[in-house]
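Thanks for asking me to look this over. Here are my notes, point by point, to read with the model open beside you.

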Amino acid sequence: MEARLVLEFGVGAPAAIILSPDQLFKIGRNPENHLVIHDEHVSRFHAEVYFQSGAFRLRNQSKNNGTKHNGQRISEDVVLENDCRITIGDTQIRFEVLPDSNESNDKTLPELNLNPEENESKQGSGITQFLHDEIGLLFSYVSDSVLEGNPRMLVENALKLLLKRTQAEKVGFLSLDADEFLLKQVLPADSNLDMELSKTLTNKSVSRGGAVWLLQEQIKIEAESLRSMKDAVCLLVKSKIGESETAILGAVHLYSSRRFFNVQDVRFSQFLVNCLANSLHMLRKRRALEADKNRFKPIENPVGELIIGSSRGVVRMKQDIQRFASRPGCVLITGESGVGKELVALELHGKSSRKEGPMVSVNCATISPTLADAELFGNEKGAYTGADRANNGYFQQADDGILFLDEVGELSLECQAKLLRVLETGKVRPLRGKEQTVNVRVISATNRKLEEEVAAGKFREDLLFRLNSCVINVPPLRDRLEDLPELVDYFLNRFSIEYRRRLASTPELLEKLKKYHWPGNIRQLKSVLESGVNRAESELLMPEDVDIPANNSAMGDAPKSLKLEEVEAWAIKIVLERNGWNQTQSAKVLGIHRETLMDKIKKYKISRIIPANT
């Protein structure tokens, strides 16, 4: 027969001890006891538990201070029943009979089970162990966490609650997430207890996979930082990432140089830490869902890939994506408008370690210079006229994930300077708000040659050095015409689902498409095919269904060279003519903001030619 004693209330060590029939177990204040109780009302050798006649029995050894069994003071040895309580001074111990002899001699702090059904069926476990005021504190934290959108505030609120409830002198959170560079939070900041969060406790807790309580360890602590401590506790913040897998997000530390923590302190702390882990996990999921409104919608491809094609340039690009996805630095995606730079960003996100986090997409050309700070970094209520509430900026929305800055070359120089500071410090300051740390990987894209923009004084060279640590060039469609059959089949399969009709291409159609220069790249190809689908009367898309000239000369004077500015000016003129100079519709086709289109019309001096007979 085997049983164990579990310390429920009071200060002592270990928290649980296994009993066996062939050994006498002593309880008292002296360190030589098997269960050491730190209580001035407890004698040096206060009581004994021994096995006799098929049962464990309790014997009082204290002359001055008595021993209670289920609330009754004993004058002679008593038989211990399963789940009975032993009270010595202010300490309460529970006696448990183990179901079999295979249970391990576990001297570590028992993990709390957060399954409500199991807690209800188990006396003295889970939330039912807490006092009414403790339950109120826990529910208050959980309810506040539902509305909290900042992970650092979740941690800070949990640390404040631990300080209040456990009377610790110092508490802290140490990040152990591989994607985090936030490191730690410590409260109170002005504590007289001058020490760092112990790496010894953290490493021991991680290797064990559970809590470490200095009082119950009963081992020599070699770490210099812990020698002055009366007591310390390290609890892991673990998040579930699968049906059976967990990830360690961080470790919570509690320190005291004046008193020991008791079992109730540690039990409350562990339950709160588990609440913190759940809140952090749910917040990350919620941010990912909220960011879906701002992120690119990936094209549903049956093959599972977003980038279609097998040409040499595309294969090289896919290799770059695979290589850069796992790296932590910034990525700069270059290429003409309409080539699919956003799909490259999505592939980087999907193959990176941040794929569970949000990906927020921002078209820098649409950011208003006057509200750039608020849009990128957020604002507090009343920060500017019309700011009737606090808002998270794009960086806060992308926390723990990826921020995609499309057309980054469109940012003003002032905005570029602020972006550089965020990349260097990892901190943002909302308008009229406090500085916040964010964990964001920045992926940017541009159709401009930023080196030329730097030479012209339109782009900061130091920011370019930050952004282009990894560069991926997306080839234009005219350089990968061998991918046209795959692209056409893909778009027609997609249109078949949307239009609920079977669609297929013909060799003649593909031949016509290959003769075209495609200044608008894949975006233009999709638009041309969709227009042809609306025009086609049969399942087969014929050449006459597609409204493009047989050669480029019919589209106006072709650019004299392949310089980006000449090609861009030519493409803008074509789109304007085809849309009757409707600038709003033309900007939509080109995938840029209307104001950006107006600026480019002025830049390239594009004017409308009106026929003489009108």
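1. Let's begin with a single pairing: Val212 has Cys234 of β16 as its bridge partner. The two strands involved, β15 and β16 (residues 231–240), pair in the antiparallel sense over two bridges. Please keep in mind throughout that this is a predicted model.

2. Stepping back from that pair, you will find an open sheet of five strands in the order β14-β13-β17-β16-β15, with antiparallel pairing. Its edges are β14 (184–187) and β15 (212–213), each of which pairs on one side only. As general background, strands of a sheet pair through backbone hydrogen bonds, either parallel or antiparallel.

3. Which helices lie across this sheet? Helix α3 (residues 151–166) lies across β13 (170–175), β14 and β17 (246–256), and runs at about 30° to β14. Helix α4 (residues 199–208) lies across β13, β15, β16 and β17, at about 45° to β16.

4. Ala251 is a good residue to click on within strand β17. Is Ala251 buried or exposed? The cut-off for buried is under 20% relative accessible area, and Ala251, at 0% relative accessibility, therefore counts as buried. Leaving out residues up to four places away in sequence, Ala251 touches Gly172, Phe173, Leu174, Leu176, Thr202, Cys234, Leu235, Leu236 and Val237. Note that Cys234, the partner of Val212 from my opening point, is one of these contacts. Ala251 and Asn203 are 48 residues apart in sequence, and their C-alpha atoms are 9.8 Å apart in space.

5. Now for the largest nonpolar core, which has 58 residues. The members that touch the most others are Leu5, Ile93, Val237, Val252, Leu254 and Leu276. Helix α6 (residues 263–291) gives the largest share of this core, 11 residues. For a closer look, try Leu254: not counting neighbours within four places in sequence, its contacts include Leu162, Val171, Val233, Leu235 and Phe261. Thr166, Lys170, Asp231 and Ser269 are also among the residues in contact with Leu254.

6. There is also a second, separate core of 31 residues, and Leu332, Tyr394, Leu405 and Val442 are included in it. Keep Leu332, Leu405 and Val442 in mind, as these names return in the points below.

7. Another open sheet has five strands in the order β19-β20-β23-β18-β24, and here the pairing is parallel. The edge strands are β19 and β24, each pairing on one side only. On average, neighbouring strands of this sheet are turned by 20° against each other, direction ignored. Helix α7 packs on the sheet and touches β18, β23 and β24, its direction making about 155° with that of β24.

8. Why is strand β20 (residues 402–406) described as largely enclosed by the rest of the structure? Five of its five residues are buried, so the description fits. Ile402, Phe404 and Asp406 point one way from β20, while Leu403 and Leu405 point the other way. In general, side chains in a regular strand alternate between the two faces of the sheet.

9. The neighbours of β20 can be followed bridge by bridge. Strand β19 (residues 359–363) pairs with β20 in the parallel sense over five bridges, and Val362 stands opposite Leu405. Strand β23 (residues 441–446) runs parallel to β20 and is joined to it by four bridges, with Leu403 opposite Val442. Four bridges also join β23 to β18, again running parallel, and Leu332 stands opposite Ser444 in β23.

10. Helix α8 (residues 341–351) is mostly covered, with eight of its 11 residues buried. Those buried residues are Lys341, Leu343, Val344, Ala345, Leu346, Glu347, Leu348 and His349, so do notice the names in that list that are not part of any nonpolar set. Their cover includes α7 (312–325), β18 (331–334), β19, β20, β23 and β24 (470–473). Helix α8 lies across β18, β19, β20, β23 and β24, at about 150° to β18.

11. Towards the end of the numbering sits helix α17 (residues 564–578), with 15 residues. From first C-alpha to last, α17 reaches 21 Å, close to the 21 Å expected at 1.5 Å a residue. Its buried residues include Glu568, Trp570, Ile574 and Leu576, and what covers the buried residues of α17 includes α18 (583–590) and α19 (594–604).

12. Finally, some totals for your notes. The protein chain has 19 helices and 26 strands, and buried residues make up 51% of its 614 residues. Among contacts between residues at least 6 apart in sequence, 65% join residues at least 24 apart.

Note on methods. Residues numbered from 1 in each chain as written. Predicted model: local features only at pLDDT ≥ 70, side-chain atom pairs only at ≥ 80, totals over all residues. Heavy atoms only, no water. Core = buried A, V, L, I, M, F, W, Y, C linked by side-chain atoms within 4.5 Å. Buried < 20%, exposed > 50% of the residue type's maximum accessible area, 1.4 Å probe, protein only. Contact = heavy atoms within 4.5 Å. Pairing = 2+ DSSP bridges. Axes fitted to C-alpha atoms, helices over the stretch in contact; angles between N-to-C directions. Expected span 1.5 Å × (residues − 1).
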